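Welcome, and please get your viewer ready. We will go from the whole chain to a few selections, one stop at a time.

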Amino acid sequence: MALALLIGRLASSSAFTINSALRVASLSSSHRFQNNFSYSSTTLSMSSTKRVLVPIADDSEEIETTCITDTLTRFGAEVVVASVKPGGELVCKMSRGVKMVADIPIDEATGQEWDLVALPGGMPGAEYLRDSAPLISILENQKAKGKMYAAICAAPAIVLASKGLIGEGATGYPAPGLLEKMSSPVGDDVVVQGNVVTSKGPGTALKFAIALGEQLYGAEKAKEIADEMLA
């Protein structure tokens with residue numbers, strides 16, 4: 001009743017608009033939430049947004065990249081795509097010709113804290129990731145701090161194995177010349193080993209991304225997202 005009277009008084013003023021009514025209604029609603037101890041600003045301040053870095057290069061695999069970025073955004077993560085191309089170039093031509101625009105150059109990602117660094121595969125994109133000194137520094141920092149990092153397709157062998165960032169029992173793309181670079185690789189679609197997650201390729205990319213979300217947000221949230229995506 002009080003809200004209706006207030007809107008009625010405002011309506012008599014020439015300055016009143018629909019937006020004014022909406023603001024009043026919003027304030028009233030916020031007040032009710034506050035009295036019920038579920039005021040939205042409090043909820044937001046208590047939540048912890050996970051920060052995910054996804055490095056890409058020319059010839060990175062686009063299905064894997066998109067599955068990672070799209071799925072983890074659905075979980076609520078802040079996903080930042082970083083290009084490892086020289087000179088800060090942000091546009092990358094992916095392995096099947098799709099052009100993607102990164103958010104930042106990889107140099108800007110150094111010195112920041114990441115809850116997860118997730119590498120797509122693709123060739124020779126994975127080799128460009130391997131040859132990026134700033135990216136390897138970020139990955140080594142993740143390992144030293146016990147924080148999550150992950151790779152799919154060619155990236156477990158080309159990037160992680162070559163830099164001593166995975167041990168025995170990881171998985172990757174089952175192609176000659178790749179598995180030989182890894183120590184006792186397995187044939188599972190997705191392998192979670194503590195803070196390191198690996199996967200096989202484009203066909204397992206969605207399963208990989210949901211597994212990453214589960215590591216960050218828990219099994220209940222992962223089931224919710226998987227059900228929504230019909231995965």
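Here is a short tour of this model, stop by stop.

**The whole protein**

Keep everything displayed to begin with, and bear in mind that this is a predicted model. Coloured by secondary structure, the protein shows nine helices and nine strands. Of its 231 residues, 42% are buried. Switch to contacts, and take those with a separation of 6 or more: residues 24 or more positions apart account for 66% of them.

**Helix α8**

Now select residues 205–217, which form helix α8. How far apart are its end C-alpha atoms? They lie 18 Å apart, and this agrees with the expected span, because 13 residues at 1.5 Å a residue should also give 18 Å. Show the side chains and look for the buried positions: A205, F208, A209, I210, A211, L212, G213 and L216. Step on to G218, which follows α8 and has a positive phi, near 100°.

**Where α4 meets α8**

Leave α8 on screen and add helix α4, residues 62–75. The two axes come within 9 Å of each other and cross at roughly 35°. Is the crossing left-handed or right-handed? Rotate the pair and you should find that α4 and α8 make a right-handed crossing.

Next, pick out the residues that touch. From α4, select I63, E64, C67, I68, T71, L72 and F75. Their partners in α8 are A205, L206, F208, A209, I210, L212, G213, E214, L216 and Y217. Colour this contact by class and you get 13 nonpolar, two polar and two charged residues.

**Two cysteines**

Stay with C67 for a moment, since this α4 residue is one of those meeting α8. C67 is buried, because its relative accessible area of 18% is under the 20% cut-off. Then centre on C153, which also counts as buried because its relative accessibility is 9%. If you search for disulfides, the structure holds zero.

**The loop around S184**

For the last stop, go to S184, in the loop between α7 (155–160) and β8 (190–193). Is S184 buried, exposed or partly exposed? With a relative accessible area of 45%, S184 is partly exposed, because that value falls between the 20% and 50% limits. Leaving aside neighbours within four places in sequence, S184 is in contact with E168, G169 and A170. Finally, draw a distance from the C-alpha atom of S184 to that of T171: the two residues are 13 apart along the chain, and these atoms are separated by 8.9 Å.

Definitions and conventions: Residues numbered from 1 in each chain as written. Predicted model: local features only at pLDDT ≥ 70, side-chain atom pairs only at ≥ 80, totals over all residues. Heavy atoms only, no water. Helix = DSSP H or I, 4+ residues; strand = E, 2+ residues; numbered from the N terminus. Expected span 1.5 Å × (residues − 1). Buried < 20%, exposed > 50% of the residue type's maximum accessible area, 1.4 Å probe, protein only. Contact = heavy atoms within 4.5 Å. Axes fitted to C-alpha atoms, helices over the stretch in contact; angles between N-to-C directions. Left-handed = near helix turned anticlockwise from the far one by under 90°. Nonpolar A, V, L, I, M, F, W, Y, C, P; charged D, E, K, R; others polar. Disulfide = S-S within 2.5 Å.
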